[in-house]
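Please open the model in your viewer and keep the sequence panel beside it. The tour below moves from one selection to the next and says what is there at each stop.

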Amino acid sequence: MKFIADMMLGRLARWLRLYGYDTRYGVEDDDEIISIAKKEGRIILTRDFELVKKARKLGIDAIYVESNSIEEQMAQLMKAGIKFGELFPEGARCPKCNGIIVKVKKEEVKGKVPEKIYRMYDEFYVCTNCGQIYWPGRQWEEMLKMDRKFKANKP
Ligand SMILES: [Zn+2]
């Protein structure tokens, strides 16, 4: 299952990527969103009902996202049957660019992360597309907290 999210749904797009879903984001034009969805077999996620109607008329799957709140958005997608497994990092996509994240040896990030971080952690992951480095730090803990919150909300 692959997605393309409209410009209103940046936060949701980042979360979908963290759960491993290939999610395009950053395309502004409705017709372009539709044409990418068609070409790449993506489901459109949008806050714009007109776009949903337009897509459906062309036989393209589109989900009208009802809320602005990330918790409610996630609950809606779960209700729609979209599965959210284990969060980041195994199988996750980079929240910044949708690239694939892989685990790397600690030595490979030497000099690329702050010295203190290098000493503190043994587990590092790198985005194969943009080079962003990830490790199980405070931000990661925050994400896991959100993950538990989403799943507790599960309808
Ligand atoms: Zn990336």
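## Where α4 meets α6

Begin by selecting I70, E71, M74 and M78 in α4 together with M146, K149, F150 and K151 in α6, since these are the residues through which the two helices meet. Sorted by class, this contact of α4 with α6 holds 5 nonpolar and 3 charged residues and no polar ones. The model you are viewing is a predicted one, and side-chain atom pairs count in it only at pLDDT 80 or more.

Now extend the selection to the whole of helix α4, residues 70–79, and of helix α6, residues 138–152, whose axes lie 9 Å apart and make an angle of about 55°. An angle of this kind falls outside the ranges for roughly parallel, roughly antiparallel and roughly perpendicular, and α4 and α6 are therefore oblique to each other. If you look along the line joining the two helices, the crossing of α4 over α6 is right-handed.

## Adding α1

Keep α4 on display and add α1, selecting R11, L12, W15 and L16, which meet I70, Q73, M74 and L77 in α4. The residues of this contact of α1 with α4 comprise 6 nonpolar, 1 polar and 1 charged. Here the axes of α1 and α4 are 10 Å apart, at an angle of about 55°, and these two helices are therefore oblique to each other; α1 passes α4 in a right-handed crossing.

Next, hide α4 and bring back α6, so that α1 can be viewed against that helix. Which residues of α1 meet α6? They are R11, W15 and L18, and their counterparts in α6 are M143, M146, D147 and F150. By class, this contact of α1 with α6 has 5 nonpolar and 2 charged residues, with no polar ones. The axes of α1 and α6 are 13 Å apart and form an angle of about 95°, which makes α1 roughly perpendicular to α6.

## The parallel sheet

Turn now to the strands, and select the open sheet of 4 strands, which has the order β2-β1-β3-β4 with parallel pairing. Because β2 (23–25) and β4 (62–64) stand at the edges with a single partner strand each, one side of each is left without a neighbour in the sheet. From one strand to the next the twist averages 20°.

Within this sheet, zoom in on strand β1, residues 2–5, which is joined to β2 by 3 bridges, the two running parallel. A convenient pair to label is A5 and Y25, as A5 stands opposite Y25 in β2.

With the sheet still selected, show helix α1 again, residues 10–18, which lies across β1, β2 and β3 (42–46) and runs at about 155° to β2. Then add helix α2, residues 30–40, which also packs on the sheet and touches β1, β2 and β3, its direction making about 150° with that of β3.

## The antiparallel sheet

How are the strands ordered in the open sheet of 3 strands? The order is β5-β6-β7, and the pairing is antiparallel. Its edge strands are β5 (101–104) and β7 (133–134), each of which pairs on one side only. Select strand β6, residues 124–127, and you will find that 2 bridges join it to β7, with the two strands running antiparallel. To mark this pairing, label Y125, which stands opposite Y134 in β7.

## Stepping back

Finally, clear the selections and display the entire chain, which contains 6 helices and 7 strands. Followed along the sequence, they come in the pattern β-α-β-α-β-α-β-α-β-α-β-β-α. The C-alpha atoms of the chain fill a box of roughly 55 × 35 × 20 Å along the principal axes.

As a last selection, take residues 1–145, the range that an unreviewed UniProt entry annotates as "domain: Mut7-C RNAse". Over residues 1–145 the chain is 37% helix and 17% strand, and the C-alpha atoms at the two ends of this range are 25 Å apart.

Note on methods: Residues numbered from 1 in each chain as written. Predicted model: local features only at pLDDT ≥ 70, side-chain atom pairs only at ≥ 80, totals over all residues. Heavy atoms only, no water. Pairing = 2+ DSSP bridges. Axes fitted to C-alpha atoms, helices over the stretch in contact; angles between N-to-C directions. Contact = heavy atoms within 4.5 Å. UniProt positions renumbered as here; feature names shortened; annotations may be inferred. Parallel < 35°, antiparallel > 145°, perpendicular 65-115°, else oblique. Left-handed = near helix turned anticlockwise from the far one by under 90°. Nonpolar A, V, L, I, M, F, W, Y, C, P; charged D, E, K, R; others polar.
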